[in-house]
Amino acid sequence: MQEHESGLKMSPFPREGTPREQLLFALEAGVLAPSGHNSQPWLFRMTGEGVEILADRRRRLPVIDPQDRELVISCGAVLFNLRVALEAHGCGARFELLPEPEQPDLMARVRLAEPPDESRVGRLWPAVARRYTHRLPFTERPVELNSIWALQEAACSENCRFLPLTGDLRHEAIGLIGEVDIRLATDPGYRRALQSWLTTHMAQAEAPVVEGFEVTLLDEFVAMLPRLLMQFHGNGSARAYRDQELARKSPLLVLIAGSGDTPCHWMQAGQALQRVLLEGVEHGLQASYLNQPLELPDSRNWLARWTSGSVPHLLLRMGYPEKLLKSPARRPLAEFLVD
């Protein structure tokens, strides 16, 4: 076991190992993918020919994500990490999205294949363990134009669009973030759902959600929990102010949009998201999410006015962090494996 500079333990790739052992290595990278509210809603089933990625509906958030769109996007991000891990170590990955219509929980089937002549995603391997969700402010340094072009190409490569919000659109988005924060905070069903998720995760000593964002149980955050819980039970104005300030001071606000709104499109959006995030890490960038406006139908439709026929799936803030933080610990791979 080797420790990566991020602090995460990474096993060496079993070059002489069996296909199963190589796929298990790739799954160790897969579970480092982001997920909505840190729910980690995926399972893996090893088969004779490969591995299947399954949606874990037990970890769904029905009030926040009633269609399981964010859940499926998370599974797409896992799939992209698998592709990166395998191609970075001289293997190819052949995958099918939603291969069995009668099995709606089967998100993807992955098999080893001949290595590609030139891997375009394998080069992103060093970024997998360095990526994390940066919830602190970014520096004021503008994102360089060549980096924006690279991020747009990354999304396009996964059949999605990377749409920076500028000018009036940026101001509208910031206003919408605050408006939706208050609406969600004053919705009894939404508040009960988040409170339930928070309580469950604190009991399991995992990274809980407070006000829709993850809290890593580090010493300095434990001291903050009472104040954060008070904000959660308030009218949302504190959260709205915080999120709007984070958005306003972020060098880059961006929508990731796809060509449709089916589970297959959500899987594509998850792969595009992870490709964008890893490409961003290679350019010194980190990101966090301001997806609340996409969790309500009317505000999501409002955002769709800006995407020129595409469907918005994710709203990100990106920039250069003042200091790099370590990725939080994840559940061990064994907890995700099923027969």
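## Close-ups of a predicted model

**View 1. Arginine 123 reaches glutamate 279.** In this predicted model, arginine 123 and glutamate 279 make a salt bridge, with 2.5 Å between the closest N and O atoms. The two partners come from distant parts of the chain, 156 residues apart. Arginine 123 sits in the loop between E6 and helix H3 (125-128), while glutamate 279 belongs to helix H10 (residues 263-282). Their surroundings are worth a look too: arginine 123 is partly exposed at 46% relative accessibility, whereas glutamate 279, at 6%, counts as buried.

**View 2. Aspartate 105 meets arginine 57.** Here's another salt bridge, with the closest N and O atoms 2.6 Å apart. Aspartate 105 lies in the loop between strand E5 (92-97) and strand E6 (106-113), and arginine 57 in the loop between E4 and helix H2 (69-88), so the contact ties together parts that are 48 residues apart in sequence. Both ends are partly exposed: aspartate 105 has a relative accessibility of 33%, and arginine 57 comes in at 26%. If you'd like to hunt for others, the whole structure holds 25 salt bridges.

**View 3. A network of salt bridges links Arg45, Glu52, Glu100 and Arg109.** One link to pick out is the salt bridge between the side chains of glutamate 100 and arginine 109, at 3.4 Å from N to O. Is each of these two buried or partly exposed? Glutamate 100 is partly exposed, with a relative accessible area of 23%. Arginine 109 has 14% relative accessibility, so it counts as buried, the cut-off being under 20%.

**View 4. Strand E3 pairs with E4 and with E13.** Start with E3 itself (residues 42-46), where 4 of the 5 residues are buried. A hairpin of 3 residues takes the chain from E3 into E4. Strand E4 (residues 50-55) runs antiparallel to E3, and 5 bridges join the two. Zoom in on methionine 46 and you'll find valine 51 of E4 as its bridge partner. With strand E13 (residues 337-338), the pairing of E3 is parallel and covers 2 bridges. Arginine 45 is the residue to follow in that pairing, standing opposite valine 338 in E13. Arg45 also turns up in the salt-bridge network with Glu52, Glu100 and Arg109. As a general aid for reading the view, side chains in a regular strand alternate between the two faces of the sheet.

**View 5. Helix H5 packs against helix H11.** Two packed helices are described by the angle between their axes and the distance between the axes. For H5 (residues 167-185) and H11 (residues 297-304), those values are about 175 degrees and 11 Å. The angle is over 145 degrees, so H5 counts as roughly antiparallel to H11. Which residues make the contact? H5 brings Glu172, Leu176, Val180 and Arg183, and H11 brings Asp298, Ser299, Trp302 and Leu303. Sorted by class, the H5 and H11 contact has 4 nonpolar, 1 polar and 3 charged residues.

**View 6. Zooming back out, the protein has 11 helices and 13 strands.** Of its 339 residues, 55% are buried. How much of the contact set joins residues at least 24 apart? Counting contacts between residues at least 6 apart in sequence, the share is 75%.

Note on methods. Residues are numbered from 1 along each chain as its sequence is written. This is a predicted model: local features need pLDDT of at least 70, side-chain atom pairs count only at pLDDT 80 or more; totals for chains, interfaces and linings use all residues. Side-chain values use heavy atoms; hydrogens and water are left out. Buried means under 20% relative accessible area, exposed over 50%, partly exposed in between (1.4 Å probe, protein chains only). Two strands pair if DSSP finds at least two bridges between them. A salt bridge is a side-chain nitrogen of Lys or Arg within 4 Å of a carboxyl oxygen of Asp or Glu. Axes are lines fitted to C-alpha atoms, for helices over the stretch in contact, and angles run from 0 to 180 degrees between N-to-C directions. Angles under 35 degrees count as roughly parallel, over 145 as roughly antiparallel, 65 to 115 as roughly perpendicular and the rest as oblique. Contact means heavy atoms within 4.5 Å. Ala, Val, Leu, Ile, Met, Phe, Trp, Tyr, Cys and Pro count as nonpolar, Asp, Glu, Lys and Arg as charged, and the others, Gly among them, as polar.
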